[in-house]
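Here are my notes on the model, set out as numbered points. They take up a hairpin and its neighbouring strand, and then the pockets.

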Amino acid sequence: MSQELTSLLELLDLERIEQDIFRGSSRPAIVPRVFGGQVAAQALVAACRTVPAGRLPHSLHAYFLRSGDPGAPIVYTVDRIRDGRSFTTRRVVAVQHGQPIFHLSASFQVHEEGMEHQEPMPHAPDPETLPAAEEIVPRYRELFTDPQVPERLLKARAAVDLRYVEEPPFGRVGRPGEPRSQVWFRTNGKLDGELDDPMLHICLATYVSDMTLLDSVLLAHGRGGWAVGDVVGASLDHAMWFHRPFRADEWLLYDQESPTAQGGRGLAKGRIFTRDGRLVVSVIQEGVVRVPRQEGGAQPASPAAASR
């Protein structure tokens, strides 16, 4: 297991400070705020630790309320909304500096057999044929306005082996195209022994789900993204449905598209498939996506200030 994955697992191993109150820390992100996937995954971890054994998350719905401070701890308070015969519901509020920064509702279910159908998996090349991030990011170094961005980008994603099927948004600046994007991903190391927990695989997929989902919005307009500096924005809300078991340490295809963008907001949808074609997760997110002020927009140019 890589040191970076070990560090991520430690990040998700929240400290329990009261029965339903937990505390977490943060890790560096590309922009000067807490990465949305981190707070979503940590909130889900907090909810999971209050649920009866044998019940796994089947959905979550979340709102990003304020930008998180990466230098301060985050306190997660869990409300035990309902424990039914088949379903359990939890609500989690993440707080920093006395203010809520994130709100999550999650539903859990005991295993049941039932009717089965799914969409077919889209075509994608084998992940082994695609370049890793360490090969891709340096190719576009000259596009990044901040020379430290490539190193920050690689460090922020080092726990995950994430491979773009086509060029990433920062490689297609100025070339509007189809609002679609695909990436393969898996953790940089195997989850063995006590780490091989279905809930942990789900929480890790939640962490990764926020990394590239808005790429499809950017691609439609030929924008390179936050690392390039030709847009400012942040996640607004995030929803996930977990359909079938999967492993986060085995290759997963994340197929993403954007049906619409308007009013400074972009909507993106994602489907996550196992390598053998099973649809395991569906994702929908809306985010703030704005043109920087120097290009004629009417919002702050700072990523943190423009987050809401």
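**Notes on strands and pockets**

1. In the hairpin formed by β10 and β11, with two residues between the strands, glycine 263 adopts a positive phi near 60 degrees. The model is predicted, with local features requiring pLDDT of at least 70 and side-chain atom pairs pLDDT 80 or more, while totals for chains, interfaces and linings use all residues. Residues are numbered from 1 along each chain as its sequence is written, and side-chain values rest on heavy atoms, without hydrogens and water.

2. Strand β10 (residues 252-262) pairs with β11 (residues 265-274) in the antiparallel sense over nine bridges, threonine 260 having leucine 267 of β11 as its bridge partner. Strands are DSSP runs of E of at least two residues, and helices are runs of H or I of at least four, numbered from the N terminus; two strands pair if DSSP finds at least two bridges between them.

3. β10 is also joined by six bridges to β8 (residues 180-187), again antiparallel, and arginine 180 is partnered with glutamate 257 in β10.

4. The largest pocket (an open set of points on a 1 Å grid over the protein atoms alone, where a 1.4 Å probe fits, with protein on both sides within 12 Å along at least five of seven lines; lining residues have an atom within 4 Å of a point) is lined by 28 residues, of which Gln109, His111, Phe242, His243 and Arg244 lie nearest its centre. At least two lining residues come from each of β3 (55-64), β6 (99-110), α5 (198-209) and β9 (232-242).
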